[in-house]
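Work through the exercises below with the sequence and coordinates open. Try each task before reading its solution.

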Amino acid sequence: MTGAVVPDGAAAQALSAVQHENNVMISKRKIMQKPLAVEAVNLDKHVSSNGNALVILSGLDLAIAAGERIAIVGSSGSGKSTLLGLLAGLDNPTQGKVLIQGQDIAPLDEDGRAALRARCMGFVFQSFQLLPTLTALENVMLPLQDAKSQAIAALERVGLAHRLSHYPRHLSGGEQQRVAIARAFAPRPAILFADEPTGNLDAATGENIIELLFALNAESGTTLVLVTHDLTLANRCGRVLSLQQGRIVELEGVA
Amino acid sequence: MSLAFSLAWRQLRSQWAAGEIRVLMLALVMAVAATTSVGFFTDRIQTTLARQGAMLLGADAVIVADHPIPAPFAAEAGRANIQTSHTLEFPSMVLHGERSQLSEIKALAPGFPLRGSLMIKQQGGEAHEAGGIPEPGSVWIEPRLANSLQVREGDSLELGNSQFKVSAILHSEASRGGDMFSFAPRVMMNAADVPATGLIQFGSRVKYQLLLAADAGAMKTYTAWAQPRLARGERLQDLSTARPEIRNALEKTQQFLGLAAMVSVVLAMVAMFLAAMPYVQSSQDSYALMRCFGASGKLISRILLLQTLMLAVIGSTLGSLLGFVGQLGLGWLAGKLFVETLPAPSWQPALAGFVVGFATLLAVMWPSLLRLRHVPALHILRQDIALPTWSAVWQYTPSVLLAFGLIAWHAADSKLALAAIGGFSALIVAVLVLTRLLRRLLLALPQQQSGAVQLGLAAIRRRPRLFMAQVLGFSLGMAALMLLALIRGDLLHNWQSSLPPDAPNRFVINIQGDQLDAIKAFFKQEGLSAPELHPMVRARLTAINGKPLDIASYKDERAKRLAEREFNLSWAAEMQDDNRLLAGEWWTPAQAGQPLLSLEQGIADMLHVKLGDHLSYDVAGQPLELTVSSLRKVEWDTMRANFFALTPPGVLDAMPANYLTSLHVPGKHAEPAGAAIYQSDGD
């Protein structure tokens with residue numbers, strides 16, 4: 001018996017720490033020292049389902065530079081949406097931390113994180129998530145705290161100037177997603193999270209939406225975090241990260 | 001605030017369009033309408049009663065005594081800036097040549113009446129407000145006295161040692177009220193002339209009155225000061241003691257209607273609860289999204305509060321309007337009670353409606369809505385992440401407390417309030433226990449049912465609290481409805497039985513024995529059914545079971561008053577159908593002439609008199625011994641003449657009696673009928 005006796009858990013932790021260092025080094029090298037928009041450090045997320053602990057994310061590290069366009073891919077149930085929720089401060093990690101523009105969000109309470117989201121994040125969801133009780137214009141005004149002219153300009157930009165006073169139920173799926181995109185970009189967020197933005201649309205409409213999303217992204221220089229299971233779509237991003245067994249694996253040779 | 005306001009308003013508008021809050025709104029409108037309709041209605045009757053009371057008294061309050069009123073009462077009134085005046089009333093013969101007539105003399109001091117007015121006619125002109133009191137040396141008389149003595153304005157009358165000139169004919173007298181007139185005609189004179197007439201001597205039956213008028217606050221202070229200082233033979237009458245027969249009916253009605261309204265409020269609260277649950281569920285997405293886009297908890301609370309307040313304002317306004325319309329119906333139903341039309345209601349009941357509207361909505365909705373403040377933003381990404389569960393205690397306590405408070409407020413009677421609250425509490429506990437048992441039983445059922453049953457059971461298993469709330473809601477709702485149905489039956493029965501369309505609205509009092517034939521003839525001539533003439537013998541209670549009456553031993557103020565004033569004894573062969581025998585036996589025809597007495601239960605209790613007790617009375621100096629042979633309950637609000645103490649026929653024959661009767665005169669014909677009675681008196 002030579003050397004120290006290291007318990008299994010501690011060994012795993014030590015190993016994880018080494019891997020974590022490597023991952024961070026890889027990520028940081030890739031983004032060439034630009035300031036980071038989003039950073040996840042050693043992120044764990046466990047949930048309990050019917051009394052069993054389920055590990056969704058484990059020791060996940062991620063660094064996204066400002067203005068970068070990345071795609072997170074993975075099979076259904078791989079934890080893509082969970083990761084998105086953690087990065088946006090909608091959910092709390094079991095362990096590890098998330099930094100937004102260098103600020104650790106763990107010490108913030110619900111309201112603090114809401115304020116942070118209001119300040120620098122925008123969202124586009126698979127199911128559009130427009131408030132059915134508000135018109136297109138009012139939906140876009142929601143995160144703007146009522147700045148009407150800015151909302152009208154955003155809707156004009158997505159080609160819906162003639163649909164301002166329509167309620168979501170009177171808009172097609174594509175139009176609803178355009179409203180959602182206008183709503184996401186109108187406050188000029190630093191980071192845009194898009195969760196399967198074409199998931200509920202037919203191929204042609206989805207294509208149009210993606211064109212619009214990328215065009216706006218290019219115009220505003222927003223950091224884009226796109227969650228999708230569609231590799232073709234993912235490949236249009238600067239970097240594609242695959243979520244496998246709770247960790248990020250960078251797919252080389254794409255983009 | 002404007003963002004919160006516009007978001008709240010937009011949400012409300014489209015939730016209305018989507019039908020999500022219609023049930024809520026409807027429940028709220030009904031709760032407010034129920035409260036305000038009862039409020040408006042009772043307010044109108046209260047105003048009428050106060051107005052009539054003041055007219056009847058000629059003041060806001062009157063101190064009445066059988067001796068001159070002690071000076072401190074007037075002095076204190078003067079100190080408190082209360083207007084005062086005083087009057088003296090006594091019966092006396094009035095002479096004109098060979099003719100004479102027993103009259104009721106009322107001597108007035110300057111300022112009379114403090115409330116209402118005296119209408120007189122002079123020189124054959126139209127009736128006009130007197131604007132003062134008779135000049136010294138002059139009197140105002142009722143037309144029927146002018147008839148019976150055949151005097152006219154300018155003639156002179158003899159009253160005691162003095163001569164008076166008739167300077168006006170009395171048209172109406174505030175302080176006699178519209179409804180009550182006496183068989184002896186009225187003469188009004190100046191109080192300064194009284195000593196010269198020599199009519200007031202030791203032993204004269206004089207009623208001294210000190211009239212008081214001021215605003216309600218000053219009167220209340222004064223009343224509180226005066227009540228404990230009233231000596232034997234002195235009493236204070238105010239608006240609350242005027243027209244007791246209607247006031248009793250009103251209080252009962254107000255209690256019934258008030259409780260019925262509160263039951264509907266409780267019912268509405270149950271409906272709001274059940275409507276709030278799906279509303280909260282369907283609003284989760286919206287608030288999660290707002291949260292996701294950076295809305296603070298504060299902003300969300302503000303939106304929710306504004307939304308609740310907007311609902312409350314709209315619902316309370318609509319409810320109050322509906323309540324106003326509803327009370328018109330109640331007013332119409334009660335129209336038979338009053339000859340005159342009811343005044344317009346004040347705005348205060350609407351205020352009460354708003355308070356009820358806001359309180360119920362906030363109590364029911366706020367705990368539910370507040371949960372929405374805590375809706376996790378993550379709900380946007382994961383629909384399975386729902387609202388945090390709250391302790392049932394926190395969620396239901398405000399509503400339960402409010403419901404109990406409202407019941408207590410409207411019951412206006414601690415016994416009734418405790419009974420109602422106790423009943424509802426017992427019901428809640430019983431339902432909770434039974435529901436728990438039921439749930440266990442249902443879940444223990446074998447698992448091989450059809451799909452629907454299986455789904456239902458699964459829902460009960462998954463959401464025990466919702467199941468509990470629904471069962472509780474429906475049980476309370478059903479209980480409230482059943483209570484309402486019971487009350488409704490009771491209320492209608494009460495009104496119908498106590499107020500037939502021809503309920504008497506006029507009383508003729510002070511009819512002397514030799515006038516009975518004239519009265520009967522008059523009724524026949526007018527096509528009225530033969531009058532029920534009730535004899536009255538004034539008697540003072542002197543001893544119970546041989547023990548002299550010790551008035552000071554009665555704790556109850558009312559008992560003291562009852563014991564020291566003269567009773568009106570009457571006799572009857574049959575018991576009236578608005579009386580109910582509680583103890584003992586009603587006399588048989590064979591018992592006529594036996595010294596028996598039937599007492600009203602309330603007065604017997606107050607004077608501590610039991611069945612079989614011997615009561616000693618003094619009737620104008622003659623002793624009278626009676627044994628209590630029965631106790632009765634009397635429905636005072638039938639508006640018929642009723643007596644506390646009755647004997648069999650033949651007992652009081654030798655005693656000095658006068659008679660009283662009541663009759664129904666349709667509103668429009670009241671004056672001609674009255675005039676006819678005056679004339680019949682003159683024959």
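**Exercise 1. Strand pairing in chain A**

Task: Find how S1(A) and strand S4 (residues 95-100) of chain A pair, and over how many bridges.

Solution. The model is a predicted one.
Step 1. S1(A) and S4(A) run antiparallel and are joined by five bridges.
Step 2. Take A:Glu39 as a reference point: its bridge partner in S4(A) is A:Leu99.
Step 3. Turn to strand S2 (residues 52-65) of chain A. Strand S1 (residues 36-49) pairs with S2(A) in the antiparallel sense, over 10 bridges.
Step 4. Fix the register: A:Leu36 is opposite A:Ala65 of S2(A).
Step 5. Check the connection. S1(A) and S2(A) make a hairpin, with two residues between the strands. In that turn, A:Asn50 has a positive phi of about 50°.

**Exercise 2. A glutamate in chain A**

Task: Classify A:Glu250 as buried or exposed, and name the side chain with which its own side chain makes a polar contact.

Solution.
Step 1. Place the residue: A:Glu250 lies in strand S10 (residues 247-250) of chain A.
Step 2. Apply the cut-off. Buried means under 20% relative accessible area. A:Glu250 has 17% relative accessibility, so A:Glu250 counts as buried.
Step 3. Look for the partner. The side chain of A:Glu250 makes a polar contact with that of A:Arg239, at 3.4 Å.

**Exercise 3. A covered strand in chain B**

Task: Determine how many residues of strand S18 (residues 596-600) of chain B are buried, and which strands pair with S18(B).

Solution.
Step 1. Count: five of the five residues of S18(B) are buried.
Step 2. Sort them by face. In a regular strand, side chains alternate between the two faces of the sheet. One side of S18(B) holds B:Leu596, B:Ser598 and B:Glu600; the other holds B:Leu597 and B:Leu599. Both faces are covered.
Step 3. List the pairings. Strand S20 (residues 622-634) of chain B pairs with S18(B) in the parallel sense, over five bridges. Strand S21 (residues 645-647) of chain B pairs with S18(B) in the antiparallel sense, over two bridges.
Step 4. Follow B:Leu599. Its bridge partner is B:Leu631 in S20(B) and B:Ala645 in S21(B).

**Exercise 4. A nonpolar patch in chain B**

Task: Identify the element that gives the most residues to the nonpolar patch.

Solution.
Step 1. List the members: B:Phe5, B:Trp9, B:Val313, B:Ile314, B:Leu318 and B:Leu321 make a nonpolar surface patch of about 540 Å².
Step 2. Assign elements. Helix H1 (2-17) and helix H8 (297-333) of chain B each give two or more residues.
Step 3. Rank them: H8(B) gives the most, with four residues.
Step 4. Inspect one member. B:Leu318 lies in H8(B). Its relative accessible area is 42%, so B:Leu318 is partly exposed.

Technical notes
Residues are numbered from 1 along each chain as its sequence is written. Chains are lettered from A and ligands numbered from 1 in the order in which they are written. This is a predicted model: local features need pLDDT of at least 70, side-chain atom pairs count only at pLDDT 80 or more; totals for chains, interfaces and linings use all residues. Side-chain values use heavy atoms; hydrogens and water are left out. Patches are made of residues with over 30% relative accessible area and no salt bridge: like charges are joined within 9 Å, nonpolar side chains (Val, Leu, Ile, Met, Phe, Trp, Tyr) within 5 Å. Accessible areas come from the Shrake-Rupley method with a 1.4 Å probe; for residues, only the protein chains shown count as cover. A salt bridge is a side-chain nitrogen of Lys or Arg within 4 Å of a carboxyl oxygen of Asp or Glu. Buried means under 20% relative accessible area, exposed over 50%, partly exposed in between (1.4 Å probe, protein chains only). Two strands pair if DSSP finds at least two bridges between them. A polar contact is a pair of N or O atoms within 3.5 Å; within protein, one must be able to donate a hydrogen and the other to accept it, and residues adjacent in sequence count only if both atoms are side-chain atoms.
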